[in-house]
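Trainee: Could you take me through one part of this structure slowly, and then show me what lies around it? I would like to follow it step by step.

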Amino acid sequence: MYQIDNLVKDLVKQHGRAREALMPILQGVVAQHNYLTDEAMVEVAKELDLSAAEVYGTASFYTFLDTEPRGKYVIRVCKTITCAMKGKNEIIEVLQEMLRINVGETTLNDKFTILETNCIGWCHKAPAILINDTPYTDLTREKLVKIIKEYMHQ
Amino acid sequence: MINLTINSKPVSVPEGSTVLKAAEKLNIHIPTLCNHDDLCVVGNCRVCVVEQKGARALIASCAHPATEGMEILTNSLKVRNARKHIVELLLSEHRADCTKCYRNQNCELQTLANAYSYGDHLFINLIKDHEIMIDQTSASIVKDDSKCIRCQRCVRTCAELQKVSALAVSGKGCNQKISTFHDRPLSHVVCTNCGQCIIRCPTGALTEKTQIEQVWDAIYNQGKHVVVQTAPAVRVALGEDLGYDPGERVTGKLVTALRQIGFDSVLDTDFSADLTIMEEGTELLTRLKKVLVDGDKETALPLFTSCSPGWIKFIEHKKPGLIPHLSTCKSPQQMFGVLAKTYYAGKRKLNPADIVSVSIMPCTAKKFEANRPEMRASGYKDVDFVLTTRELAIMIRQSGIDFRALETDNYDSIMGTSTGAGVIFGATGGVMEAALRTAYEIVTGKEVPFKDLNIVPVRGLEGVKEASLKIEGCKKEWAFLEGVELQVAIAHGLTNADKLISKVVSGEASYHFIEIMACPGGCIGGGGQPIPTNNTIRQKRVDAIYAEDMEMKLRKSHDNPEIIAVYKDFLGEPNSHKAHELLHTQYIERIRN
């Protein structure tokens, strides 16, 4: 894993120091680290001559820019109407049972986090989840168990 | 010009004017809330909505530009209903325990509720008592989110006027709130304590941390000798909180009121402002000598003033590399504090442990400053309690004093005599003017070459001011300054300060002496001053400061007989060893974020 300050410096080289560089830089940090540590936000603020509060304010607006500790695999379960009607609750039940954590929590080994998300655009193949950037759709209990087991062994 | 009608009345306004400005021209009142003259337009509270004939939706008059032929209705059924609902929706997210609120009777939301939200309330109250968190960690500012209506005036103030952005908008939708970095306590983030957010907050969400009760306790304690000092900017603003128009000077009544409240000795920060000039003026001349004659590379020029604790904390957080440029002089408040428990205690034969030192300040950052560990040179806490102008107004009302009917009176002695130079500390440019009046005379033996001592180029509300003064006819010991053009600059508001010092750092501009005040207008626009404060009011207070100066018998710090006495009897001479021990301080580097 990168040192945070080096990672931020690399991202600044890539995207510049203008205010509009803030989003791609934050996304770049999350791509490497799963969430924005306080240290990372302070570092970004320093590089872009913003206050840390402004960086936090921006990050906290976006669901996919987490400012709380997250596992290596962030599982986001779609909670919007179609997925909800097609078995979202069961999906969550299975995940909670397998990972022994509740929604919003991270496993002790920092591997998995379960979150709910608003519509991710897979209504036609509901219920759907995202694991990091990969969507899994048309889920059944059996399919989901298989997917999670694969991640567990990775 | 753009021609439109508002409530069928025709009006012409320059292109780019908002509908709100057009209505003001017709003396038609449209209620506003998030709108503030000092800040950019956001149009997020919607209180100012009006109907545009032919348009489907209502428009926010503060943000919407007037266009040709527009027909605006400010009082139609649609507007009245919408306005009522908007105010009630704001109230549903606001902990409206008005009778217990610090801003009771001086709250813009309360005023709106009083005017527009009578009768049935349609919306349930969304404030959950068990979720209320009040941040009391700061020495200066209390933040209570349960009273926040997210108008973002504080956020805009902190970003636009102060370039600090201690507060930002976080989250979204129903979870939107005004946060520090990761919701850390205010005491642990980059905040200068300037209180400019407080004087723009329309509700009680941001208030000063009050010490009224502690001061009453000290007054009632028979064993304590309670001294009070009043800052220059208080006397030109206090009246506003007691029913006077802005710009009214109440110096004499202020003294009487403080006596009636029960302070044992009513003294003046203007005295220690004069003392600051002696110390800082000497420091400037010493630094000039070190640089120009001795070629000393360690000595930093330009010299920055150090009276404004908001400015000090700004440098400590954001530009610690510039700390050597800061004058080592304590602020007048702290010079007074340390002398009260040493010099004054000795003269009055008092045990300093029995003295309680209170200051009345236009400032919230002064509360933090008084708590700094460096500010105990007397062996005690030099200034025990700091009250804002607003807090003093509350104490005067609590005492049942009929302020208007009070006789005027003079400050006590010792440490109550001052000059016009001390008075003008309250306005931006004032410290510079006072310093020049003294330094020029030290060097040349002559008065500054300006009519009536009024150094007009350093005055006024322009964000950054520059001036130069040619030094001619130097005394022998200052011959190295002969013919030197003394370059000075002044900034007020930390955004302006940041601009100015960036020019210095980049080498784009060079000066000998720079005055910075953290608050727009200087102390007269401080975060502890009466609410509201705006440009018109600031100008009136500035005018009052200079009028007060003109009426003073003495107008140069070095002519103050009590200053001459304190050096003769106690301190020796300016920048003496003892003066350094008591009146000077040092600064520390703080977290950047």
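Mentor: Let's start with one pair of residues: Leu4(B) has Val11(B), in β2(B), as its bridge partner. This model is predicted, so please read everything here as computed from a prediction. The pair belongs to a longer match, in which strand β1 of chain B, residues 2-6, runs antiparallel to β2(B), with five bridges between them.

Now widen the view to the sheet around these two strands. The sheet is open and has five strands, in the order β2-β1-β5-β3-β4 (chain B), and its pairing is mixed. At the edges stand β2 (9-13) and β4 (59-60) of chain B; each has a single partner strand, so one side of each is left without a neighbour in the sheet. A helix also packs on this sheet: α2 of chain B, residues 77-92, touches β3 (49-52) and β5 (71-73) of chain B. The direction of this helix makes about 155 degrees with that of β3(B).

Next, let's see how chain B meets its partner. In the contact between the chains, 13 residues come from chain A and 17 residues from chain B. On the side of chain A that touches chain B, α3 (38-48) and α4 (52-61) of chain A each supply at least two residues. The largest share of that side comes from α4(A), with seven residues. Sorted by character, the residues of chain A that touch chain B are six nonpolar, four polar and three charged.

Chain A has helix packing of its own to look at. Helix α1 (residues 4-15) of chain A packs with helix α2 (residues 22-33) of chain A at an angle of about 140 degrees, and their axes are 9 Å apart. That angle makes α1(A) oblique to α2(A), and the crossing of the two helices is right-handed. Where they meet, α1(A) brings Leu7(A), Val8(A), Leu11(A), Val12(A) and His15(A), while α2(A) brings Pro24(A), Ile25(A), Gly28(A), Val29(A) and Gln32(A). In this contact of α1(A) with α2(A), seven residues are nonpolar, three are polar and none is charged.

Finally, step back to chain A as a whole. Its domain assignment gives domain 1 (4-61) and domain 2 (73-153). Taken over C-alpha atoms, the centres of domain 1 of chain A and domain 2 of chain A are 28 Å apart.

Terms used. Residues are numbered from 1 along each chain as its sequence is written. Chains are lettered from A and ligands numbered from 1 in the order in which they are written. This is a predicted model: local features need pLDDT of at least 70, side-chain atom pairs count only at pLDDT 80 or more; totals for chains, interfaces and linings use all residues. Domain bounds come from an automatic or database domain assignment. Two strands pair if DSSP finds at least two bridges between them. Helices (H or I, at least four residues) and strands (E, at least two) are DSSP runs, numbered from the N terminus. Two residues are in contact if their C-beta atoms, placed from the backbone, lie within 7 Å. Axes are lines fitted to C-alpha atoms, for helices over the stretch in contact, and angles run from 0 to 180 degrees between N-to-C directions. Angles under 35 degrees count as roughly parallel, over 145 as roughly antiparallel, 65 to 115 as roughly perpendicular and the rest as oblique. A crossing is left-handed if the near helix is turned anticlockwise from the far one by less than a right angle, and right-handed if clockwise. Ala, Val, Leu, Ile, Met, Phe, Trp, Tyr, Cys and Pro count as nonpolar, Asp, Glu, Lys and Arg as charged, and the others, Gly among them, as polar.
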